Amino acid sequence: MVTDNERRKYIRVPFKTAACLWSLKQDAKEIRCDQTRDISLKGLYCYSEIKFSAGTPCELELHLTGTSSKLVLFFKGRVIRADEKGMGFRFEEMDLDSFFLLKNILNYNTGDPEQIDRELTGYIHRD
């Protein structure tokens, strides 16, 4: 039997921050998530009582706050699953600044920057 971890193509790291999702459908509904669970090169999971259904195109903001600065990462993508605790979101577009910040988050939290580089190389060559 294949487990969820064996099916995953990208390392996920624990990552807790606030996020906002906006539906790109006509209603343009906003959902604020007080906390995310984990993040990878391809997406993240956020806790939320209110959810969009799987397949909903969205814009996502991740809010990073430090002792002296606040950063916001911007992504476009879609909800790939919703469960009783929250939603999984797949990244489909991001600006260059968000990409580099995401890569730095993953490098710092994995302790294996070379693995992130291998995943990124495989991701670029697959498309």
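**View 1. Ser40 is buried, with 2% relative accessibility.** Buried here means under 20% relative accessible area; exposed means over 50%, and partly exposed lies in between (1.4 Å probe, protein chains only). This is a predicted model: local features need pLDDT of at least 70, side-chain atom pairs count only at pLDDT 80 or more, and totals for chains, interfaces and linings use all residues. Residues are numbered from 1 along each chain as its sequence is written, and side-chain values use heavy atoms, with hydrogens and water left out. Ser40 sits in the loop between strand 4 and strand 5. Helices (H or I, at least four residues) and strands (E, at least two) are DSSP runs, numbered from the N terminus. A polar atom of the Ser40 side chain lies 3.1 Å from the backbone nitrogen of Lys42. Such a polar contact is a pair of N or O atoms within 3.5 Å; within protein, one must be able to donate a hydrogen and the other to accept it, and residues adjacent in sequence count only if both atoms are side-chain atoms. Leaving aside residues up to four places away in sequence, Ser40 touches Tyr10, Ile11, Arg12, Phe91, Leu102 and Leu106. Contact means heavy atoms within 4.5 Å.

**View 2. Eight strands form an open antiparallel sheet.** The strand order is 1-4-5-8-7-6-2-3. Strand 1 (13–14) and strand 3 (30–33) are the edges, each pairing on one side only. Two strands pair if DSSP finds at least two bridges between them. Strands of a sheet pair through backbone hydrogen bonds, either parallel or antiparallel. Along the sequence, the chain reads α-β-β-β-β-β-β-β-β-α-α. That gives three helices and eight strands. Of the 127 residues in the chain, 35% are buried. Among contacts between residues at least 6 apart in sequence, 54% join residues at least 24 apart.

**View 3. Strand 5 pairs with strand 4 and with strand 8.** Strand 4 and strand 5 form a hairpin with three residues between them. Their antiparallel pairing runs over four bridges. Here Thr36 has Cys46 of strand 5 as its bridge partner. Strand 5 also pairs with strand 8 in the antiparallel sense, over five bridges. In that pairing, Tyr47 stands opposite Gly86 in strand 8. How much of strand 5 is covered? Mostly covered, strand 5 has four of its five residues buried.

**View 4. Strand 6 and strand 7 are joined by nine bridges.** Strand 6 spans residues 57–65 and strand 7 spans residues 70–82; the two run antiparallel. Thr65 stands opposite Lys70 in strand 7. Leu73 is found in strand 7. Leu73 is buried, with a relative accessible area of 0%. Eleven residues separate Leu73 from Leu62 in sequence, yet their C-alpha atoms are 5.0 Å apart. Beyond residues up to four places away in sequence, Leu73 touches Leu60, Glu61, Leu62, Leu64, Ser98, Leu101, Leu102 and Ile105.

**View 5. Helix 2 (residues 96–110) lies across five strands: strand 1, strand 4 (35–39), strand 6, strand 7 and strand 8 (86–94).** Helix 2 runs at about 85 degrees to strand 7. Axes are lines fitted to C-alpha atoms, for helices over the stretch in contact, and angles run from 0 to 180 degrees between N-to-C directions. Ser98, Leu102, Ile105, Leu106 and Asn107 of helix 2 are buried. At the start of helix 2, a side-chain oxygen of Asp95 reaches to within 3.3 Å of the backbone nitrogen of Asp97. Gly111 follows helix 2 and has a positive phi, near 75 degrees. The end C-alpha atoms of helix 2 are 21 Å apart, in agreement with the 21 Å expected for 15 residues at 1.5 Å a residue. The expected span is 1.5 Å times one less than the number of residues.

**View 6. The cysteines form zero disulfides.** A disulfide is counted as a pair of cysteine sulfur atoms within 2.5 Å. Cys33 is in no disulfide; its nearest cysteine sulfur, that of Cys46, is 3.2 Å away. Cys58 is in no disulfide either, with the sulfur of Cys46 nearest at 9.0 Å. Cys33 is buried at 1% relative accessibility, and Cys58 is buried at 0%.

**View 7. Thr56 lies in the loop between strand 5 (43–47) and strand 6.** Is Thr56 buried or exposed? Thr56 is buried, with a relative accessible area of 3%. A polar atom of the Thr56 side chain lies 2.7 Å from the backbone oxygen of Ser53.
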